[in-house]
Amino acid sequence: MKIISQTYQGIKLFSAPKIPTDLLWDLTIVFSGLGFLFLLFVFIFRNRLSNKAIKVARQKKILAPIISNFLFYENDATKDESYEYINLKVEMRELLKTPFNRLVLTEVLLDLQKDLSGDSRNRIFQLYQDLELHLDAIKKLRSWRWELVSKGILELTQMRVLAAYGFIKKFINDKRGVVRKQAQIATVTLKHEGISYFLDTTRYGISEWQQLKLLDVLNSFEDFTPPRFKAWLTSRNRDVVLFALRLIRHYNQTDANKALIELLKHKNDQIKSEAILCIKDFGVFEALNMLKSVFRMCSVDIKLQILDVISSLGKEEDIEFLESIKKKESNFLVNSKAISAINAIKPDTYVPTEGIDKTITMKNIESDKQVNSSQFSEAMNNNELPQDDSSPVSDQKENSLSNPDYLDPEFEDELIFDLCFMEELEDILSDYKEEDQEVDYLPLDFLPVVSEQDELKAAEAANPVKKQGVESDEKLEEESFRVELEAILDNIRSHEENDINDYQEDTELEFLPIVVDIDMEDNSGEMPEIHEEDVLSLEVFGEELNVQNKAALLYDKFPEVDLLPGEEMEKPETADQKSIDWMTFKKDAEPIDDDVHAENNEPEPDDYAENRRRDEENLNNVPEFKGFSIFQELFRTCDRESKLILLDEILAVGDEKEVHFLKTLLNDADKKVRTKAEIILKELQALLTPEIEVRETVNQTIINESDTEQPGPDEVIQSVPNQINKISTSIMDKEEDILKSLEFCFLHDFESDDDNHASLFEVDFELEETPIEEIEDNLKTNKKR
Amino acid sequence: MVKKNLLLAEDDELLASLLDYRLQKGGYNVHWASDGRDVKEYLKLATPDIIVSDIMMPYFSGIELIDYVRNELNSKIPIIIISSAGNEENVLSAFELGANDFISKPVSPSELLVRVGRELIKQ
């Protein structure tokens, strides 16, 4: 209990003090009274202001027509107008006796001068001074209240009271900031020489805003001739120097170069920066040395500005200085600016090094160029050959490449084939070069067989008028093709050190298609007469074997014409037949020409005999051509997975050409590809063994028959193709699906005149991951089949 | 000679009275409207020969006035607009809606008189 009583005693301290109620009532009455008084004052002053506003508005309504009358009164007014004008003048004098009316009139004129322009405005200024309202404003200048002084200066400035200039300019160095600034603007506004007075006398700083306002005033002058502001570059007032520099730059006063150079040594960065800007704008070359001298002592911003000036004004002798900055300067911005300045003076001195893939070299670009050139040749073959030979080749290339639309889908397959062909041809040639083999003959058994004689004849019969145009197009294609090949061969020739005789050079072009076309008819006046049938038969080589007879005749008549070698005059039959050991056929067909000559009793020219002899020698020395695999091209651009899938396809559709190609893959960098290529090679060789055996048997049979029977040339011509036909047909019947290579399909489609060209390169497989074990199982199954 | 009726729509009384005086002196019968509502009321009662209107007005702007005259009244009365400087967007809108001419503040009363005369001659 004792503890509780002590505790409760302690709480007494927090109990409410005793306040006398009378005092509270007194305070309530006092504060209520103050509140009432405040509201009363607000009400009274509000009423006074609104009453004054109403009074002013009413007075303005009274004064407005009077002012209008004064403003628009003209000397040629009528009597009534003049009478009214005089009455209003009297009335105005009476009104102006009261300060309120003077105040209202001043307000009216100040408002009107803002809304009016031209002559009316000038009349307002005149009226203001005529009514001596400016005296009221001048009186305000004597006030001790800064707001009144400021108001007075503003009024005098707006109403253009030049008489007040002397009064206002005294306030330029007033200690009250608002008055001072108002006075500065007024001084500059009222008189053109005000700017000079201001710059001469001002001792206070000039804020950026004030500088802009002053510049705005100067710009508003219509006939203002700015003073030479370089005079103020020596001012002790830092802001005056800065403002003078800006004015120099604004008015392009280029007579202050020495002062500008000197100001580069100024301690103030703003002045230094402004001087640098002037130097850059005016192109003060003599400032470069000073810029370099002060560079080390400057801040980063100024350094950047200096480098900017050097980059625009500098010469090659300044690069050394910039190089030293680049080496010594630790600041990244300055360093980068120095590099950019060097590049500006001497372009491409520094090239980007960061993030550059250094593995990419010009060689890659060269390979791209080769691809482009082959594309270009395609374009040329596709009637894109420019008509004007004088135009640069690069332009033609650009045109052909920049317009991919020229790839007509109709000819897309042909173009792809041409692309493959050109690349393959270059590869073969490069292989030959590496092996230092003499290119006497180019094996071109992979060339497409162009058999259009029937079509040509049909077209000729149907529309003889169009014949010439079609021929010219074809001629263009052939010529472009020839040009491309000749360019390649020229390279080979120049590469070889041994001299090749004229005949050899001619034989190098023997693989070209016969260019003796119908154009010969046009040149009949110059050339020996040729029968049209002969010409047509030569256009399409290898259509019939007996064409050789006519070709030989032509060869005699036109020794300069590059005829195809005898073996290429064979009847193409089918593409498959063509692929079957053409070398064997060539040997058998070779003597036919001689016999033809003998039969026709034509004298064999010495040159011709010599040529034939060399031709035979060359043919015997022809290196074995392993064939062109379409997969080789596909392998170039695909990844590992695709390569593995393609290897499966090789097994499915490949033939001897693929065997050779697979052998090359045994040295592939990719182990997986190498391993799989080895497996596929074995499988493919196993698959192809029966075919090769059959072929060898056939060849042997033919040789035996020719040895035993020794038929005449005509019989050989007739019998050999038939035998080949039989053999090839039997092979195709047996293993058509397996042995038919992609290029055969391609050629076959062309020969059979199948319209479905879109399916030429249809490789019907899907991309999927297959383990090697599964592939091996598949291969075994195929083998068993 | 019959005086042409001119509707002056301007909310600034001083400027309006000055322009009124100058236009009347120039030979026009001027009706002054201090805001958009007055303009609308007047247009319901009468058809002026030409309208001179400020763009910025209380209740009913100059742009709305043009729209009202052109689209609701389907009238081809020439309209000259008065706009303060730096108000190009409104001026463009006014021209798009069918204003005939434009004069910027500060206004020269003599210039306005010439422009009014030219527009009436065009009609």
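A polar contact is a pair of N or O atoms within 3.5 Å, and within protein one of the two must be able to donate a hydrogen and the other to accept it. The exercises below use this idea and others on a predicted model.

**Exercise 1. Describe the interface between chain B and chain A, beginning with how many residue pairs are in polar contact.**

Step 1. Between chain B and chain A, six residue pairs are in polar contact, counting those in which both residues have a pLDDT of 80 or more.

Step 2. Turning to the side of chain B that touches chain A, we find that helix α1 (residues 13-25) of chain B gives the most to it, with eight residues. By type, the residues of this side of chain B divide into seven nonpolar, two polar and four charged.

Step 3. In terms of contacts, 13 residues of chain B meet 18 residues of chain A. The area buried between the two chains is about 1,400 Å², and carbon and sulfur atoms give 63% of that area. B:Leu14, B:Leu18 and B:Tyr21 together supply 42% of the area that chain B buries against chain A, which is more than any other three residues supply.

**Exercise 2. Find which residues form the salt bridge across the interface of chain B and chain A.**

Step 1. Side chains of opposite charge can pair when their charged atoms come close.

Step 2. The cut-off for a salt bridge is 4 Å, taken from a side-chain nitrogen of Lys or Arg to a carboxyl oxygen of Asp or Glu. B:Glu13 and A:Lys61 satisfy this rule, with their closest N and O atoms 3.9 Å apart.

Step 3. Across this interface the rule finds one salt bridge, while the structure over all chains holds 26.

**Exercise 3. For three salt bridges within a chain, decide whether each partner is buried or partly exposed.**

Step 1. The cut-off needed here is that a residue is buried under 20% relative accessible area and exposed over 50%, and partly exposed in between.

Step 2. A:Glu107 and A:Lys60 meet in a salt bridge at 3.9 Å, N to O. This pair links distant parts of the chain, 47 residues apart, with A:Glu107 in helix α4 (residues 99-115) of chain A and A:Lys60 in helix α2 (residues 21-71) of chain A. A:Glu107 has a relative accessible area of 32% and is therefore partly exposed, whereas A:Lys60, with 18%, is buried.

Step 3. A:Arg176 forms a salt bridge with A:Asp174, the closest N and O atoms being 3.0 Å apart. A:Arg176 is partly exposed because its relative accessible area is 27%, and A:Asp174, at 12%, counts as buried.

Step 4. In chain B, the side chains of B:Arg115 and B:Asp101 meet at 3.1 Å, N to O, in a salt bridge. B:Arg115 lies in helix α5 (residues 109-122) of chain B and B:Asp101 in strand β5 (residues 101-105) of chain B, so the pair ties together parts that are 14 residues apart in sequence. B:Arg115 is partly exposed at 23%, and B:Asp101 is buried at 7%.

**Exercise 4. State where confidence is lowest and where it is highest in chain A.**

Step 1. Chain A averages a pLDDT of 71, and 55% of the residues score at least 70.

Step 2. Confidence is lowest in helix α20 (residues 393-402) of chain A, with a mean of 40, and highest in helix α12 (residues 238-250) of chain A, at 96.

Step 3. Over residues 436-443 of chain A the pLDDT is below 50, and this stretch has 26 contacts in the model beyond near neighbours in sequence.

Technical notes
Residues are numbered from 1 along each chain as its sequence is written. Chains are lettered from A and ligands numbered from 1 in the order in which they are written. Side-chain values use heavy atoms; hydrogens and water are left out. pLDDT is the predictor's confidence in each residue, from 0 to 100. Helices (H or I, at least four residues) and strands (E, at least two) are DSSP runs, numbered from the N terminus. Contact means heavy atoms within 4.5 Å. Buried area is the accessible area (1.4 Å probe) that two parts lose on being put together, summed over both. A polar contact is a pair of N or O atoms within 3.5 Å; within protein, one must be able to donate a hydrogen and the other to accept it, and residues adjacent in sequence count only if both atoms are side-chain atoms. Ala, Val, Leu, Ile, Met, Phe, Trp, Tyr, Cys and Pro count as nonpolar, Asp, Glu, Lys and Arg as charged, and the others, Gly among them, as polar. Buried means under 20% relative accessible area, exposed over 50%, partly exposed in between (1.4 Å probe, protein chains only).
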